[in-house]
Amino acid sequence: MATQSLSATPAAPAQDSRRPSSVASGTTKKPNIFKRIAQHFRRYWELWLLSAPALIFVAIFAYVPMWGIQLAFRKFDPDKGLTGGDWVGFYYFKQFFHSPLFGEIMTNTIRISLWTLVMSFIFPIILALLINQIHSTKVKGFVQTVTYMPHFISVVVIVSMLNIFLTPGSGIIGRFLGPESVMGNPKAITSVYWISEVWQHCGWNSIIYLAALAGVDTSLYEAAKIDGAGRWQLIRTVDIPAIMPTAGILLILSMGSVLNVGFDKIFLMQNSLNLPATEVISTYTYKIGILNSQFSYSTAIGLFNTVVNFVFLITANAISKKISETSIF
Amino acid sequence: MSTTTVTPAPKTSGDEIPWNKHQRQHLTPGDWVASIIIYGLITLAVIAVLYPLWFVVIASFSNPNKVAAGDVFLLPKGVTFVGYAKVFANARIWRGYLNTIIYSVVGTAVNLAVTIPCAFALSRKEFKPRRVILFLFTVTMFIAGGLIPNYLLYKQLGLLNSMWVFILPGAVSVYNVIVARSFFETSIPEELFEAAQLDGESYLGYFFRIVIPLSSAILAVIGLYYFVGHWNDFMTGLIFITDDEKQPLQVVLQQLLLVAQGTATNVDAAAQQQAADQIKFGIIIVSTLPLMVIYPFLQKYFNKGVMLGAVKG
């Protein structure tokens, strides 16, 4: 069985495995379609077996909820569950747009996410360029180990560290910042959010740039040095161009999360004082949906979020394709 | 800056690594300034990351009054283990700890058992349906049902308030499938497959006897990604678990560290607050230590893992 299944592969792949994906749709008019399907499965049943668990999990836990998106256009009916009851069209979207909280939630979401997005883009690049300048492998390894470390700390711990450090009067940072609570200050909370975000993930996010820098051909440095380039020029003319493609792709991808402020951290940072500046889409859908059981309304807000993100991603990708020929699809 | 740093014997030293120590004597003043700035910034970054962590460590051993007064700076003062004694005496923490260990170990095992075989199947170029499958997988990275459809689905499947809600819904991370697939495509030589074919190996035999033993690097990286995800998962417990006995460590931490946080209004309360802070430092150490201990051993694999993620097809 084993020999047959493999050694047959190179023999006749051209005719029989060209369009196996049409299995389900059955559009192919060839008379021996069933025979070809049977042949495909005889040859590749092991690969189907290996991928089956993942396929089943993705179908159940990604595609079934996707089917449940229609709930955003339907009145929730406990008897019907995921597919919802009566069709109400854009009723819940209008409810959200006309809600007194709409403006505040949108501004908060965009403000926090844009700050974080821009800073989390810039700092890892700078850090990678710096680490790349270290000659000693030992020092380099040490700096990397240290800067990656916070990435593994949980959000709950990070936020409680923020609370303790920023306590006015006694915290190691708070005692320098006056008597007013920083965590309770709506004006300061965005900075607290992005600075702690950079602190935690800057090192980890620099790995990808370091990998790109490690791939630079050393003869480029030699050539630049013969042309009289100093250390700064080497960074500017060799290192930065080397990481540009990676940076471009990461920037496009991050555009797909313009309206995503991760739920956990901002939720944990919320308190009654800073709430006017920290209520974002993800925390609002949680409160509306899970705590208040307004299932359809919450789904509609979530869908609105997904659509806006997707539009941003497509737009960023299109712009980038035009100006730099860097694109993700 | 016009002074050149040409190497003395350009013909033979073509492979020289730039800025290695043997070239120090050729550095220009401008390069010295650059070195000072670069190392200054790196030192600053290391301190900025390390000091808060170091402070948590020393504060957890120190007399809470001294911590609050700002006396504890570089080394612990008034060493005491009262905070740790209280942490170790807290049954809820241990319950949460045990839960998290179970969820993380079982969860990671399921993750790997599902992700790795699928990634291997999708790495075989002669397996034509892989393009459609990859497309369907990638779509889920950008379009998701959202919180409420998930909630209703889990309810229907009986996952609410069950340990399986930590394990089954997140069993496959599409990102990790793509990373592992890139690894199989780029790091396992195709000749091995041809040799296996000649030996009469089936796909299963090839996968288990040849591919898996060569893939410890990718198993380590992806295993760590999943494990860290489980260990630090807070949202699942918060939203889908109502039974306190089943809550993972992170939710217990949230209740102890954040919800229970009182605001000090008088002297007594302030003293209590300080004592409470010390327990918090202890909790932070105890809950974070396992990951801090594991990860440096796996660090050498990270670059490879992240790089493979970037090669996404």
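# A guided tour of chains A and B

Start by colouring chain A by confidence: its mean pLDDT bottoms out at 40 in helix H1 (residues 2-7) of chain A and peaks at 94 in helix H5 (residues 102-131) of chain A. Keep in mind throughout that this is a predicted model. Now select residues 1-26 of chain A, where the pLDDT is below 50; this stretch still has 30 contacts in the model beyond near neighbours in sequence. Where pLDDT is low, the predicted coordinates should not be read in detail, so feel free to hide that stretch for now. Over the whole of chain A, the mean pLDDT is 85, with 90% of the residues at 70 or more.

**Stop 1: the two domains of chain A**

Give residues 2-83 of chain A one colour and residues 93-324 another; these are domain 1 and domain 2 of chain A. Between their centres, taken over C-alpha atoms, you will find 38 Å. Where they meet, domain 1 of chain A contributes 6 residues and domain 2 of chain A contributes 5 residues. On the domain 1 side of that contact in chain A, 4 residues are nonpolar, 2 are charged and none is polar.

**Stop 2: chain B as a whole**

Switch to chain B and show it as a cartoon. You should see 13 helices and 0 strands, so to speak a helix-by-helix walk from the N terminus on. Of the 313 residues in chain B, 36% are buried. Taking the contacts in chain B between residues at least 6 apart in sequence, 72% join residues at least 24 apart.

**Stop 3: the annotated spans**

An unreviewed UniProt entry lists "transmembrane region" for residues 36-60, 101-120, 132-152, 164-184, 204-228 and 279-298 of chain B. Select two of these in turn. Residues 36-60 of chain B are 100% helix and 0% strand, with the end C-alpha atoms 35 Å apart. Residues 204-228 of chain B are 84% helix and 0% strand, and their end C-alpha atoms lie 30 Å apart.

**Stop 4: the two domains of chain B**

Colour chain B by its domain assignment, with domain 1 at 21-80 and domain 2 at 85-310. The contact between them takes 8 residues from domain 1 of chain B and 8 residues from domain 2 of chain B. On the domain 1 side, H1 and helix H2 (64-69) of chain B each give at least two residues. That side of domain 1 of chain B holds 6 nonpolar and 2 polar residues, with no charged ones.

**Stop 5: where the chains meet**

Bring both chains back into view. How many residues does each chain bring to the contact? Chain B brings 97 residues and chain A brings 90 residues. To find the chain B side, select helices that each supply at least two of its residues, including helix H1 (29-61), helix H4 (91-123), helix H5 (130-142) and helix H13 (267-310) of chain B. By class, this side of chain B has 62 nonpolar, 26 polar and 9 charged residues.

**Stop 6: the nonpolar core**

Finish inside the largest nonpolar core, which has 137 residues. Centre the view on B:Val177 and B:Ala180, the residues with the most contacts inside this core. Then select helix H8 (residues 189-214) of chain A, whose 11 residues are the largest share of the core. Which residues does B:Ala180 touch, leaving aside those up to four places away in sequence? They are B:Thr115, B:Ile116, B:Ala119, B:Ile218 and B:Ile222.

Technical notes: Residues are numbered from 1 along each chain as its sequence is written. Chains are lettered from A and ligands numbered from 1 in the order in which they are written. This is a predicted model: local features need pLDDT of at least 70, side-chain atom pairs count only at pLDDT 80 or more; totals for chains, interfaces and linings use all residues. UniProt positions are given in the numbering used here, feature names are shortened, and annotations may be inferred rather than shown by experiment. Helices (H or I, at least four residues) and strands (E, at least two) are DSSP runs, numbered from the N terminus. A residue is buried if 20 or more other C-beta atoms lie within 10 Å of its own, exposed if 12 or fewer, and partly exposed in between; C-beta atoms are placed from the backbone. Two residues are in contact if their C-beta atoms, placed from the backbone, lie within 7 Å. pLDDT is the predictor's confidence in each residue, from 0 to 100. Domain bounds come from an automatic or database domain assignment. Ala, Val, Leu, Ile, Met, Phe, Trp, Tyr, Cys and Pro count as nonpolar, Asp, Glu, Lys and Arg as charged, and the others, Gly among them, as polar. A nonpolar core is a set of buried Ala, Val, Leu, Ile, Met, Phe, Trp, Tyr and Cys residues joined through C-beta atoms within 7 Å.
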